[in-house]
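Me: I want to know what stands behind the labels on this model. Take me through them one at a time.

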Amino acid sequence: MEILRLKKFSLLSILLLLSITSWRVTATSDNLHGDFLQCLLSYSQPSHPISQAIFTPKNSSYSSVLQAYIRNLRFNTTSTPKPLLIITALHESHIQTAIICARKHGLQMKIRSGGHNYEGISYVSEVPFFVLDMFNLRFIDVDIKNETAWVRLEQPWENFTIAFLKKAKLMASQLGFVLQWALVVTLVFNLVRVPETVTVFRVRRTLEENATEIVDQWQHVVERLPQELFIRLGLDVVNSTQTGKKTVRATFISLFLGDSHKLLSIMNESLPKLGLVQSDCIETSWVQSVLFWTHFPVGTPEEILLDRTPQSLTFYKIKSDYVKKPIPKDGLDFIWKRMIELERPTMAFNPYGGRMAEIPSTAVPFPHRAGNIWKIQYSADWNEPGDDAANRYINATRKLYNYMTPFVSKNPREAFFNYIDLDLGINHNGKDSYVEGKAYGIKYFLGNFNRLVKIKTEVDPENFFRNEQSIPVIFY
């Protein structure tokens, strides 16, 4: 018996269905708030009134609705700019109404679903704005016979997983999407098969336990491992149990689409220095492997994935990089010293190769394909409130990013769009929109950037759909 799983996500070009007319009206004053609110009510469909989806600061639930999907505490402070109102869309017509009225009144629209944007730009702005919150739009339809699934874009991945589990233990790959008023509303997934049994492991080694040699071996083989095997490498600073001093710990966490016997055979041949043994391996189902990767014990009821409440919330800063050739051992030693010096920032190395490398860099907007060994996620999280703590940890993350300069991609220094990083540039969406957008756009999209600009200019010439790092338009 087999089950189905995610094969790949394809990022599609920005396609907008509206022909946008001029919206440039100065968004200020209480009159704007009242006029915008009245517009929403006047365009609302009687069969699906929008009034029950509107939350203004005068509403007692406004703060709780706003905070419910703020995942980075940096953007949940008293000084954080707040929206004029929040529309928690209950029907697709609410999306249409929000766009019509935002255009009419020249108001910045921020679109939020899961709230996972690292820099908070789905619910924060320096200009007057409102939030179109899509968390209520929940729909999953799994077609076992045709091996497809229709999923709301705003659907949390956990809900997606549970729906498949209930129908036939399925996972899927994106096939296409349906657009509604210039917003992606539904993704169509094509399902592919994986073994009923998968194997996971999480093995940790410090510098005193030969971590440097193991990391060095990992980086030379990881992109050539079988496509069924994924091994992520995490690096953080801990207290050594042997010396009592600070040391670097390497954590190898893996998913293998097969049983442990075959996995051990591959590991003994490809990465013997890790010393993986049978007791390190856990055979389980794919859905249970999701729990393992999110630090729940294997065997935990899958329904826990439906709980939208995060296990914890912190302040954090994220950055990204791409590595195209192995780092020399003396380079690794340099990195270890700098990490110990900084203490807090961590790094996660996500290997590429495999199917990622088979897709041409021009096939979809996401360009980071063949030639990349792994992607780096830099991360610092903290619990202390206040600007002093934020500046300290953010600066530490930036320092580690700077220390890594000799070892990562160059001209441009590439970055991962889903790890959005405002350090790379901010677009003020004025006459210099293209120049400002190119600063970050080239790093995210490489040669695909200008193609995206051309599409955006053709379908959204007034740049209605915009944020601090959106694709710019060229004003003629």
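Reply: Start with accessibility. Buried means under 20% relative accessible area, exposed means over 50%, and partly exposed lies in between (1.4 Å probe, protein chains only). The model is predicted: local features need pLDDT of at least 70, side-chain atom pairs count only at pLDDT 80 or more, and totals for chains, interfaces and linings use all residues. Residues are numbered from 1 along each chain as its sequence is written, and side-chain values use heavy atoms, without hydrogens or water.

Me: Why does N210 count as partly exposed?

Reply: Its relative accessibility is 37%, which falls between the two cut-offs, so N210 is partly exposed. N210 sits in the loop between β11 and α5. Helices (H or I, at least four residues) and strands (E, at least two) are DSSP runs, numbered from the N terminus.

Me: What is the phi of N210?

Reply: Phi is near 75°, a positive value in a residue other than glycine. Most residues other than glycine have a negative phi, and most peptide bonds are trans.

Me: Why is S240 called buried, and S312 exposed?

Reply: S240 has 7% relative accessibility, under the 20% limit, so S240 is buried. S312 has 55%, over the 50% limit, so S312 is exposed. S240 belongs to the loop between β12 and β13. S312 is in the loop between α7 (286-293) and β15. The C-alpha atoms of S312 and R71 are 9.1 Å apart, although 241 residues separate them along the chain.

Me: What makes polar contacts of S240?

Reply: A polar contact is a pair of N or O atoms within 3.5 Å; within protein, one must be able to donate a hydrogen and the other to accept it, and residues adjacent in sequence count only if both atoms are side-chain atoms. The S240 side chain reaches the backbone nitrogen of Q242 at 3.1 Å. The S240 side chain also reaches the backbone nitrogen of T243, at 3.1 Å. Both values are within the limit.

Me: Which residues beyond four places in sequence does S240 contact?

Reply: S240 is in contact (heavy atoms within 4.5 Å) with E208, K245 and T247.

Me: How do you know that β11 pairs with β13 and with β14?

Reply: Two strands pair if DSSP finds at least two bridges between them. Eight bridges join β11 to β13, and three join β11 (residues 198-206) to β14. Both counts meet the limit, so both are pairs. β11 runs antiparallel to β13 and to β14. F201 has S254 of β13 as its bridge partner. T199 stands opposite E283 in β14, and V200 opposite I282.

Me: What is the strand order of the sheet, and which strands are at the edges?

Reply: The sheet is open and has seven strands, in the order β14-β11-β13-β12-β16-β17-β15, with antiparallel pairing. The edges are β14 (282-284) and β15 (315-323), which each pair on one side only. From one strand to the next, the twist averages 20°. Helix α5 (residues 211-221) packs on this sheet, and its direction makes about 40° with that of β13. Axes are lines fitted to C-alpha atoms, for helices over the stretch in contact, and angles run from 0 to 180 degrees between N-to-C directions.

Me: Why is α5 described as largely enclosed?

Reply: Nine of its eleven residues are buried, so α5 is largely enclosed by the rest of the structure. W218 and V221 are among them.

Me: Why are α11 and α12 called oblique?

Reply: Angles under 35 degrees count as roughly parallel, over 145 as roughly antiparallel, 65 to 115 as roughly perpendicular, and the rest as oblique. The axes of α11 (residues 433-445) and α12 (residues 449-459) cross at roughly 130° and come within 9 Å. That angle fits none of the named ranges, so the helices are oblique. Their contact includes Y434 and F445 from α11, and F449 and V453 from α12. It has six nonpolar residues (Ala, Val, Leu, Ile, Met, Phe, Trp, Tyr, Cys and Pro), one charged (Asp, Glu, Lys and Arg) and three polar (the others, Gly among them).

Me: What kind of peptide bond joins N411 and P412?

Reply: The bond is cis, with omega about 5°. P412 lies in the loop between α10 (387-403) and α11. N411 is in that loop too, and its phi is near 50°, a positive value in a residue other than glycine.

Me: Is N411 buried or exposed?

Reply: Its relative accessible area is 79%, over the 50% limit, so N411 is exposed.
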